[in-house]
Amino acid sequence: MATLNTPLISLPRHHCIPKAKPASITVNNDRYFANHPLIILVDQCADMKQLKQLHARMLRTGLFFDPYSSSRLITACALSPTPNLDYAQKLFDQIHQPNLYMWNTLIRAYASSPEPNQSLQMFLQLLHQSLDLPNKFTFPFTIKAAAEISAFTIGKALHGMVIKLSLNSDVFILNSLIHFYASCGCLDLANQVFLNIPKRDVVSWNSMITAFAQSEHPEKVIKFFSLMESDNMTANDITMLGLLSACVKKLDLNYGRWIHSYIERNKIKLSLTLNNALLDMYTKCGSIEEARKLFGSMAEKDIVSWTTMLVGYAKLGDFDSSRQVFDTMPSQDIAAWNALISAYEQSGKPKEALTLFHKLQLSNKAKPDEVTLVSTLSACSQLGAMDLGGWIHVYIKKNRLKLNCHLTTSLIDMYAKCGDLDKALEVFRTAERKDVFVWSAMIAGLAMHGYGEAALDLFNNMKEAKVKPNAITFTNILCACSHTGLVEEGRQVFNQMVPIYGIKPMVKHYACMVDILARAGFLKESVELIDKIPEAPSASVWGALLGACSIHGDVDLAEWAFTRLVELEPKNHGAYVLLSNIYAKSGKWDRVSQLRKVMRDKGVRKEPGCSSTEVNGIVHEFLVGDNSHPLSEKIYLKLDEIAEKLKAIGYVPNKSQLLQCVEEEYMKEQALYLHSEKLAIAFGLIATKHSTPIRIVKNLRVCGDCHLVAKLISKVYDKEILLRDRYRFHNFKGGYCSCKDYW
């Protein structure tokens, strides 16, 4: 049997190119039985059961062996709204010498099926088994199949056959070639085919416009549309979809409005798809009012319409309106649930995302799918909700859901960020397939837990597995080097990015490298590296330098980094806090006062510290000085007990840390032992078994005093504490921290 490896560069030897041929056999000319009652019933068939009954009757009467009649049966089976290609193939295999119409029917059906490679297999069989040559009806669908699987070599060979068979002026074939080359990312070849079309139709223009729209070339979309108008070609709704796609990529609201008016002026039919594209444009370009007005005027709406409005409101932070849209939807399928859960999760509202997930479980209106679980796992990661994350893992196993790379990556990320690195490694090791994102997630997990050398080892294993690293991989591996002081290794990885891997470092990679160098004391080298960044340094670059100045006490360099940082982010409270600390450590109290006055005058407020911990599946949150928890009285009694025990072994509070953790004036300055992570630890000591680790997630960088206290508590109470702050994990055990005080 022919396979996809069979060369497609030439026709089989038994074929010769005919000079001319009578009317194509593709159009069945012998229609003697066209009006036969059974054939009329075939065209009216409602389901496969009826079709099989008609097949049996056609076999009994001998009608099946008439080429026209059998071709109608195959067509009904293969090209119906609910096709049965297995049965169509069996019908085809019963025919001794199928005509070209039958071959083309199956080639077409397979090209639009989930298995387009079968279309190419049928084409190869046609070449080697049929006496007929493929014709102008064969190639568009064969080329479509090649486009579906991005089979560039096969598609080019098909193009060559088209030329050999003198079909290279057929506009339908050429349009399909444009789509094929565009699908393979070869826009130059697609454009070359376009330019060689003798007489272009609207599909030709739309194919190029769509190709550029899908390939991140919005400016070329607009250019081609202008050329299309110059060529006096009338645009249609498909043209408008391409233009709107380009408009969204450019975030050009005015051009989007012009497209809308163009549609109305030229009376282009506003189909549901086009209305949805306009809705999408208005929401993504920031005009929710125009989207709302259009939505209200739409006679027909589907789940896409409702979901677009829901996401539009959510992106603007208007979750009340977003929830109102959700609650008033005629039907809430899983896509709607996913849209709102994802919107909450991506907007920093993980608690709301998990609340909605629980509501989904109770509603029985829809069943969670892969997208639901990925978004919910991400919300669990943000909150440190490992109990729910673990439940989702069990749910995946019980329901025998395919653990694809998306879910594998999410599970690794969840376990790592919730503090169970062993479980993350277990998911990684047992994964059947590991793509670059799975490897990168595991490297990130090792990095945040302070296992820099293990992360580098895994990076080497990744290369041995022939998985090519991407930009995210390098960000993660550089972070691993930063967290563990692996300066030389970081330099080596950074310097290999371009020559070995062909990946040009982005600003985030430079920021990591600046952090590696500056944190280790190479301040001069880090400044030299900043000067080499090809684009404007980001806030993360200046933040890394400023943070290192806090460690090494370089006041002048700190002031320079601070100035550049607040130019980019005037309300960055962390920058003011860091510089205030640097001044305080240097005894420059007058500058501390001046800086605090600047903060007040500019309305810069420090983000309140917030720590959360999960106990028995419930996430408990604590703010600094919080007394809202039901066990608040017991928590403060526990804090007093902790303070007495720690002082008994020589602990002295580091009061300079109050400068680092200056709280808002409206919250008043609190004593060190009231920091949110200490409240969470005290609650954990009350609410968990002795053998159960306390897992805490904090929104800010943990202060030095809290870090010391956590180490001492882990020793005095013989309790493991896993604390994830904004930057990394701290695993406190027996009086030591996994960061080795390098943070």
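In this predicted model, T409 lies in helix α23, which spans residues 405-417. The residue counts as buried, because its relative accessibility of 18% falls under the 20% cut-off. Setting aside residues up to four places away in sequence, T409 touches D435, F437, V438 and A441.

A loop position can be described in the same manner. P505 is placed in the loop between α28 (487-501) and α29 (507-519), and at 11% relative accessibility P505 too counts as buried. Apart from neighbours within four places in sequence, the contacts of P505 are with F494, M497, V498 and Y510. P534 is 29 residues away from P505 along the chain, and the C-alpha atoms of the two prolines are separated by 9.4 Å.

Helix α20 offers a fuller view of how one helix is packed. The helix runs over residues 350-363, 14 residues in all, and its span from first to last C-alpha is 20 Å, close to the 20 Å expected at 1.5 Å a residue. Its buried residues are P350, A353, L354, L356, F357 and L360. These residues lie on the same side of α20, because they cover an arc of only 160° around the axis. The general geometry is familiar: an α-helix has 3.6 residues a turn, so residues three or four places apart point the same way. The cover over the buried residues of α20 includes α18 (319-328), α19 (334-346), α21 (370-383) and α22 (386-398). On the face turned away from the buried side, α20 carries the exposed residues T355 and L362. Just after the helix, N364 adopts a positive phi of about 60°.

Turning to the strands, six of them form an open sheet in the order β2-β1-β3-β4-β5-β6, with mixed pairing. Strands β2 and β6 (736-737) stand at the edges with a single partner strand each, so one side of each is left without a neighbour in the sheet.

Strand β1 covers residues 610-615, and six of its six residues are buried. C610, S612 and E614 point one way from β1, while S611, T613 and V615 point the other way; residues in both groups are buried. The strand runs antiparallel to β2 (residues 618-623), to which six bridges join it, and V615 stands opposite I618 of β2. Together β1 and β2 make a hairpin with two residues between them. Within that turn, N616 has a positive phi of about 55°.

The pairing of β1 with β3 (residues 694-698) is also in the antiparallel sense and extends over three bridges; here S612 stands opposite V697 of β3. Between β3 and β4 (residues 721-724) the direction is parallel, with four bridges joining the two strands. Along this pairing, I694 has I721 as its bridge partner in β4, and I696 has L723. Both of these β4 residues, I721 and L723, point one way from the strand, whereas L722 and R724 point the other way. These four β4 residues are buried as well.

How many disulfides does the model contain? The count comes to zero. For C285, the nearest cysteine sulfur is that of C247, 4.5 Å away, and C285 is in no disulfide because a pair of sulfur atoms would have to be within 2.5 Å. C285 is nevertheless placed among the buried residues, at 15% relative accessibility. C703 is likewise in no disulfide, with the sulfur of C706 as the nearest one at 3.4 Å. C703 is buried, and its relative accessible area is 0%.

Some remarks on confidence complete the picture. The chain has a mean pLDDT of 88, and 92% of its residues reach 70 or more. Over residues 1-9, pLDDT stays under 50, and the model gives this stretch 21 contacts beyond four places in sequence. Residues 16-29 also have pLDDT below 50; beyond near neighbours in sequence, 22 contacts occur in the model for this stretch.

Methods:
Residues are numbered from 1 along each chain as its sequence is written. This is a predicted model: local features need pLDDT of at least 70, side-chain atom pairs count only at pLDDT 80 or more; totals for chains, interfaces and linings use all residues. Side-chain values use heavy atoms; hydrogens and water are left out. pLDDT is the predictor's confidence in each residue, from 0 to 100. Contact means heavy atoms within 4.5 Å. The expected span of a helix is 1.5 Å times one less than its number of residues. Buried means under 20% relative accessible area, exposed over 50%, partly exposed in between (1.4 Å probe, protein chains only). The arc is that of the directions from the helix axis to the C-beta atoms. Two strands pair if DSSP finds at least two bridges between them.
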